[in-house]
Amino acid sequence: WTPRYTAADLQDPLWPRDAVDFLNSEDGYPFVESEIGSAVSDGFIFGTLYKSVLDRAKSVLAGNVGNLSGFLTDGTTIDRVLPPPIAVKVTSEFSGLFSPNKFSSLPLLIEAIRDAASEAGDNDAARRLFLVPRAKVLNLVTEQGRVVAIDIALMNPVEPGTASVQRLALKPSAQVILAGNAINSTRLALNSFPRPAPIMTERMGANLMVHVRDDYLWQVRRNAVDPTLVGEVLQAAALHVEGTARNLGSANKVGRFHFQFYATTNSDNTAENFLYQLVPNEDKLRERVAALKNPSKEWLTFGIRTCCEYFGDPDAPVGMGQARSATASYMDASPFARDAFGRPEAFVKMVDTPEAQEMRQAARAAAFAFVAAMANTGIAESGRTDDNGIIKFLPEATNENGLGTTYHECGTLWMGDDPERSVTDSNGRFHHVSNAYCADQALFPTGGSANPVPTALALARKMARSIVARYETAPEVRIDPGFTYLFGGAIEPQWSRAGTANFAGLAGFSDSAPILQAGQFGFDSVLGLLWFNSRTFRNFVLRLEWKAFAPGANAGIFLRTPQPPAPGQPITDAFYVACTEVQIDESAKNFDGGRTPQAIYGGFREKTGAVYQVAPATRWAAKAISPRQDGHPGYWNAMEITAQGDRVTVVLNGATVCAATVPTPPKLAEGFLALQCHTDVVQFRNIRIRSL
């Protein structure tokens with residue numbers, strides 16, 4: 001049962017806009033629905049009963065049935081009735097191809113592993129893809145805001161129950177993806193790279209959400225639903241019904257719910273058995289058809305499974321040193337239990353809030369009202385028939401699940417555009433760890449009521465595409481009409497040095513533009529500036545391309561600077577205070593000389609694209625770190641910076657990563673342009689500007 005999230009679900013401001021746009025694009029929900037087989041349901045659910053209940057439900061929703069139309073119950077409404085979004089497509093895309101319900105994605109993975117082994121021959125070091133069996137990931141080793149190794153326990157196949165702990169080192173360009181489930185991915189993240197307390201609040205583990213499901217069953221006379229059903233051979237039917245509950249709790253929250261609605265003619269107090277469990281047995285099928293033709297089968301069985309949204313709290317306290325929340329669900333690394341290798345297990349706290357309890361009651365009331373409206377009669381409760389004798393509720397078939405039987409945990413590593421109030425960016429990349437991602441429903445900012453599978457698959461697809469794009473160099477732009485190019489290969493006379501003079505003009509790779517190199521390979525804190533001395537700029541669009549060769553490479557693009565000091569003279573703090581710097585630093589180094597430790601990595605206002613120490617970069621968007629070996633052109637990044645009055649907008653590789661209001665003063669409203677060298681090497685080319 002795999003519905004999309006509704007437009008109302010995705011309107012929540014916590015959802016990043018570009019994530020919502022991707023879900024609704026052809027590469028999002030439509031692609032996933034075709035892939036898993038939920039795009040078409042009429043090959044699985046069809047027939048007289050299905051058409052009858054679908055038409056009846058739509059008529060009810062249109063307000064054509066008595067005083068129950070609209071299902072208004074303390075602000076609760078039924079919003080839509082849809083065909084059942086069941087992932088069991090039974091028709092093939094073209095002749096000779098299995099339909100999705102005959103296929104698993106597992107053979108694709110096995111095929112890819114075999115292809116990688118075949119390509120590499122006997123050289124395992126050259127393989128692109130491994131499956132590591134009998135292994136448990138214990139920890140992700142981080143240094144300077146980056147995962148550099150993975151600690152794993154390799155189970156001994158000869159001596160069951162024994163294992164050896166090994167460390168797998170990662171290349172500087174490696175990306176790490178957590179794709180277990182919300183609880184286990186979050187446990188690993190909390191144990192491996194907690195957010196640095198001196199500069200940010202711990203968010204991982206907050207915003208825990210679940211779905212709670214309840215099951216109800218009724219019997220309804222055929223002729224009450226549709227007189228034409230009497231005497232017909234009726235097959236299983238299903239509908240997807242969406243609803244909204246309002247005015248929940250003291251905060252007057254709005255919540256989402258949906259029904260999985262089933263209709264059959266069986267009388268054994270179940271509805272689902274005749275939807276998902278009928279195997280293709282021709283003998284049994286003929287027996288069933290004969291039984292269905294029995295005119296005594298005057299009752300239909302209606303089943304409803306309600307699935308309710310529970311609300312998360314992004315501000316729920318997480319972390320051993322914080323006061324525990326008594327009013328919000330959350331998870332943390334357990335202070336009580338450790339696994340066999342000494343790592344904390346997951347500690348999960350579920351709170352049944354008043355809003356959640358009201359949500360379940362609203363969905364229950366709507367379910368009873370819906371069934372009554374389908375039969376055009378009163379609501380039957382407590383095992384009795386209604387006054388007209390055409391509907392009866394079956395309490396013995398009711399299964400109201402408690403909070404301990406929740407489903408679909410999500411939200412604990414939620415994505416967002418505000419790195420202060422979310423954990424991952426709109427591509428699932430951790431805000432404070434430059435090469436770590438999540439690819440499961442822990443990413444969800446809100447839980448809605450829908451099964452999370454298609455949404456999680458679409459977001460994982462978005463994440464995968466963003467990683468692939470990191471290894472595709474930005475195109476070089478040699479001619480940009482309306483822009484003035486500021487570097488043609490020679491530094492003097494238009495450019496001047498200040499501080500450390502580690503700048504050089506280089507010939508371009510192959511036939512590309514000349515390169516301006518800032519810094520020295522392997523050097524740390526070789527602080528210097530190269531400034532364009534010909535004129536000052538006020539409002540402008542600046543475009544350039546850059547690339548880096550180490551995860552810790554640190555440089556900057558300085559806007560509206562005062563005239564820097566002469567070579568050999570110190571660059572003062574007052575100079576930096578007056579400058580506006582757009583940062584280039586994938587380690588996001590936050591430095592404070594009066595703090596221990598002085599350097600903390602993962603700062604939002606210090607990572608690539610941020611207006612340094614003024615406004616954060618909302619997401620990572622830089623290309624992969626370029627290899628140093630000769631012959632590789634590296635991965636160029638395209639950056640565009642617009643300065644208009646006190647607004648500065650930074651677009652990196654087509655993504656807006658920062659849009660900031662820069663205080664003027666102390667920042668200058670007009671000044672020179674400069675490039676900074678700080679740590680290791682960053683190269684620039686095609687530096688061009690257009691005044692506004």
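Modeller: Quick definition before we start: contact here means heavy atoms within 4.5 Å. And keep in mind that this is a predicted model.

Biologist: Fine. Which residues of H2 meet H11?

Modeller: From H2 you have Asp-18, Ala-19, Phe-22 and Leu-23. Across from them in H11 sit Thr-455, Ala-458, Leu-459, Arg-461, Lys-462 and Arg-465. By class, that contact splits into five nonpolar, one polar and four charged residues.

Biologist: And how do I read the geometry of a helix pair?

Modeller: Two packed helices get described by the angle between their axes and the distance between those axes. In this case, helix H2 (residues 17-24) and H11 have axes that come within 10 Å and cross at roughly 110°. Angles of 65 to 115 degrees count as roughly perpendicular, so H2 is roughly perpendicular to H11. The crossing is right-handed.

Biologist: Now pockets. How much space lies in the second largest pocket?

Modeller: About 1,000 Å³. Its lining has 19 residues, with Glu-35, Phe-103, Ser-104, Ser-105 and Leu-108 closest to the centre. H11 turns up again: with five residues, H11 gives the most to that lining. Sorted by class, the lining has eleven nonpolar, four polar and four charged residues.

Biologist: What about the largest pocket: which residues lie nearest its centre?

Modeller: Phe-130, Val-132, Ile-150, Leu-170 and Gln-175, out of 32 that line the largest pocket. The space there is about 1,400 Å³. Elements supplying at least two lining residues each include strand S3 (146-155) and helix H6 (182-192). The class tally for this lining is 22 nonpolar, four polar and six charged.

Notes. Residues numbered from 1 in each chain as written. Predicted model: local features only at pLDDT ≥ 70, side-chain atom pairs only at ≥ 80, totals over all residues. Heavy atoms only, no water. 1 Å grid on protein atoms, 1.4 Å probe; cavity = no way out; pocket = protein on both sides within 12 Å on 5 of 7 lines; lining within 4 Å. Points joined across faces, edges and corners; volume = space filled by probe spheres on them. Helix = DSSP H or I, 4+ residues; strand = E, 2+ residues; numbered from the N terminus. Nonpolar A, V, L, I, M, F, W, Y, C, P; charged D, E, K, R; others polar. Axes fitted to C-alpha atoms, helices over the stretch in contact; angles between N-to-C directions. Parallel < 35°, antiparallel > 145°, perpendicular 65-115°, else oblique. Left-handed = near helix turned anticlockwise from the far one by under 90°.
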